[in-house]
Amino acid sequence: MKTEIRAIAEAMERQGYIAEPSIATALYLSTTMGKPLLVEGDAGVGKTEIAKVLARHLGRPLIRLQCYEGLDVHTALYEWDYPRQMLRLRMEGEKGLDAESAEHVIFSRKYLLERPLLQAITQKDGPAVLLIDEIDRADDGFEAFLLELLSDFQVSIPELGTIQAEHRPHVLLTSNRTREIGDALRRRCLYLFIEHPSFEKEVRIIRARVPGASERLAAEIARFLESLRGRRLLKAPGVAETIDWAQALVRLHRDALDPETVEQTLGCLLKDRNDIVELPAAEIGALVEAARGGGAAPIG
Amino acid sequence: MTAVDLVAHVAVFARALRERGIRMSLSDEADAVAALTLSDLSDRDEVRTVLRVALKIRRRDAETFDELFALLWASGEAAGRSRDTRTSRKKDDPLKNFGGLPGARMEAQQTERHSREGRSDVLGYSPEAMLRKKPFDECSERDLAEMERLLARLALALATRKSRRLVPTRGRGRVDPRRSLRRAIATDGEILRLARRTRAIEEPRLVVLCDTSGSMDRHVRFLLAFLLSLKKAARRSELFAFNTSLVRLTPWITPTKIAATLDRMAAGVPGWSGGTQIGHCLAAFAERYLDEMVGPGTVVVIVSDGLDRGDTGPLVSAMRAISARAKRVVWLNPLLGDPRYEPTARGMAAALPYVDVFAPAHNLESLERLLPRLSAA
């Protein structure tokens, strides 16, 4: 393995993020090749966290753009400060400034509100980490716009001209796959798929994030989740849920799993009523039994 | 390994992936070469990860990728001799279970479509009105061309949903300060008329699952023609066929060439006969495609008679998963046009609680009535 890749993995671990080799490799390639990284995976596998950890590791600001349906250029890129422009225009009007000069005055950088994307490319002292979160929620039109931005790292504002990136940001895009990301955008990026963590990785995550959890409890939790995810669920619990649950169990001063506690705290893991209803007490018992015994749990 | 070697290896590998149906562009290959020069080529796992990242291998293609990568790695050239990959392609071809639609029948319809003299222009009644009510299975070859033109018109009439995106409008809407102010510059900052924005009209998103089994045989061609016309109006639609297994048709569709597409599908895809395993196929859909293709704005259309021989368990859980994500689930049943039919087929009865719209699809009129319900306003 390349020493650079190992270094990234170790640096991330110091930040409390247990990175698989594939995650470290993808980050290494993305930062050295200067290409955005598209990260896909189920909710709660730690996609957003990667960007946060990367920003901390590089010591650079993290700029985050949360996507949603209807997100447009004015929220994502820039907006003019209309009230201030209006006031200035009135003042200039009283001074008898002609329309063209007035326009020149009010459409200047001073009246430009920088939104996340513009902020990301106008950082003065080095590249920022730009997280474009849940890109799958934005409309196709916005995706096309991003495509342009991510290939040239420049923005043209009709009233102002073109703004070129001073430092190209490290870009991470995440997607929950609620819709297919267009091929063109995918092609601009490198791609990483994050799976649910393996048993060993999950134990390490719990130990790192929930210091109060004993070795035994962490192992039981990880084993329980492994068999739980093997079931047919509408919303499989992610790492975030695992951590919540571990914390809850530690707060309840549990050092091992027992069916009763599991049943009471199941809401930390399963966030869909159907999933909970379909897990009767008897099966919880069997899962707990298997998690404690270390054997394979029955997959129902 | 020199850079030239790398390029050659990546090219060979990319071709093997393409032959297995994984889309791959030249820029992906370029990324792969660039990424490989940055990595430790003696570390198998690292090379595999690097290729996965640079070639943008999706999860659903990961198994195929790993398989081919193992070949590539095992002997630098084994994967290259495309003989190997070709035989393996044949072996794993997802379409292998399907025979072909009798080519002769398709050809006959094709020529029919080209000869227009078969049109019935008898005075005194509208052939269109007749066609609209004519059940599909009673249509003669002659009606086909007319039918398809009607279908195209219908699909275009498909209303569309409103997006959350705002676009400029001359009518009512929210105030758009940006444009208002721009206009006001000419009048010394005095806003004489407010510019407004309103929600854009958006194409509906459809995911259509069409049963092509024996019991549906008579209807399938018409329904597919309808769905292909729909694809013209709703370009982001996805189309699947299923009988004993599920096949994604979307990549094969050229919406502007319905006839050509139908022929291509007939040559390659479903031998529309044999039994159905609806539950099994819908479960496969839910497993592989649900997450990325079905969202809160998507209408899922299932075209089937619900005559399932399998166990209803997988059907129920698949339907529940689908209806939980989709905006609406529409089930089109050609048998519903028959007044004697009651949805007592076990599969149909099991699926019904998760269906928002249960409608007939036995003639054009029924499809026409359906259109407003497909557009998710």
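Two residues are taken to be in contact if their C-beta atoms, placed from the backbone, lie within 7 Å. On that footing, 39 residues of chain B touch 38 residues of chain A in this predicted model. On the chain B side, several elements chip in with at least two residues each: helix 2 (26-37), helix 3 (44-54), strand 1 (161-169), helix 9 (177-185), helix 13 (290-293) and helix 14 (312-325). Helix 3 of chain B gives the most, with 6 residues. Sorted by class, the side of chain B that touches chain A holds 17 charged, 14 nonpolar and 8 polar residues.

Next, the chains themselves. Chain A runs to 300 residues, 40% of which count as buried, and its secondary structure adds up to 15 helices and 9 strands. For chain B, the tally is 16 helices and 9 strands, with buried residues making up 38% of its 377 residues. Sequence-distant pairs show up a lot in the contact lists: in chain A, 75% of the contacts between residues at least 6 apart in sequence join residues at least 24 apart. In chain B, residues 24 or more positions apart account for 76% of the contacts with a separation of 6 or more.

As for confidence, chain A averages a pLDDT of 87, and 98% of its residues score at least 70. Residues 295-300 of chain A are another matter, with a pLDDT below 50. That stretch still has 13 contacts in the model beyond near neighbours in sequence.

Two helix pairs are worth a look, one in each chain. Two packed helices are described by the angle between their axes and the distance between the axes. In chain A, helix 10 (residues 199-209) packs against helix 11 (residues 215-229) at an angle of about 135 degrees, the axes being 9 Å apart. Helix 10 of chain A is therefore oblique to helix 11 of chain A, since an angle has to be over 145 degrees to count as roughly antiparallel. The crossing of these two helices of chain A is right-handed. Helix 10 of chain A brings A:Phe199, A:Glu202, A:Val203, A:Ile206 and A:Arg207 to the contact, while helix 11 of chain A brings A:Ala218, A:Ala219, A:Ile221, A:Ala222, A:Arg223, A:Leu225 and A:Glu226. By class, that makes 8 nonpolar and 4 charged residues, with no polar ones.

In chain B, the axes of helix 12 (residues 278-288) and helix 14 come within 7 Å and cross at roughly 35 degrees. Here the crossing is left-handed. From helix 12 of chain B the contact takes B:Ile278, B:Gly279, B:His280, B:Leu282, B:Ala283 and B:Ala286, and from helix 14 of chain B it takes B:Thr312, B:Pro314, B:Leu315, B:Ala318, B:Met319, B:Ala321 and B:Ile322. The class count for this contact is 10 nonpolar and 3 polar residues, and no charged ones. Helix 14 of chain B also turns up in the interface described above, as one of the elements that supply at least two residues to the side touching chain A.

Finally, a closer look at one residue of chain B. B:Leu6 sits in helix 1 (residues 3-19) of chain B. With 16 other C-beta atoms within 10 Å, B:Leu6 is partly exposed, because a residue needs 20 or more to be buried and 12 or fewer to be exposed. B:Leu6 and B:Val33 are 27 residues apart in sequence, yet their C-alpha atoms are 6.4 Å apart in space.

Key:
Residues are numbered from 1 along each chain as its sequence is written. Chains are lettered from A and ligands numbered from 1 in the order in which they are written. This is a predicted model: local features need pLDDT of at least 70, side-chain atom pairs count only at pLDDT 80 or more; totals for chains, interfaces and linings use all residues. Axes are lines fitted to C-alpha atoms, for helices over the stretch in contact, and angles run from 0 to 180 degrees between N-to-C directions. Helices (H or I, at least four residues) and strands (E, at least two) are DSSP runs, numbered from the N terminus. Angles under 35 degrees count as roughly parallel, over 145 as roughly antiparallel, 65 to 115 as roughly perpendicular and the rest as oblique. A crossing is left-handed if the near helix is turned anticlockwise from the far one by less than a right angle, and right-handed if clockwise. Ala, Val, Leu, Ile, Met, Phe, Trp, Tyr, Cys and Pro count as nonpolar, Asp, Glu, Lys and Arg as charged, and the others, Gly among them, as polar. pLDDT is the predictor's confidence in each residue, from 0 to 100.
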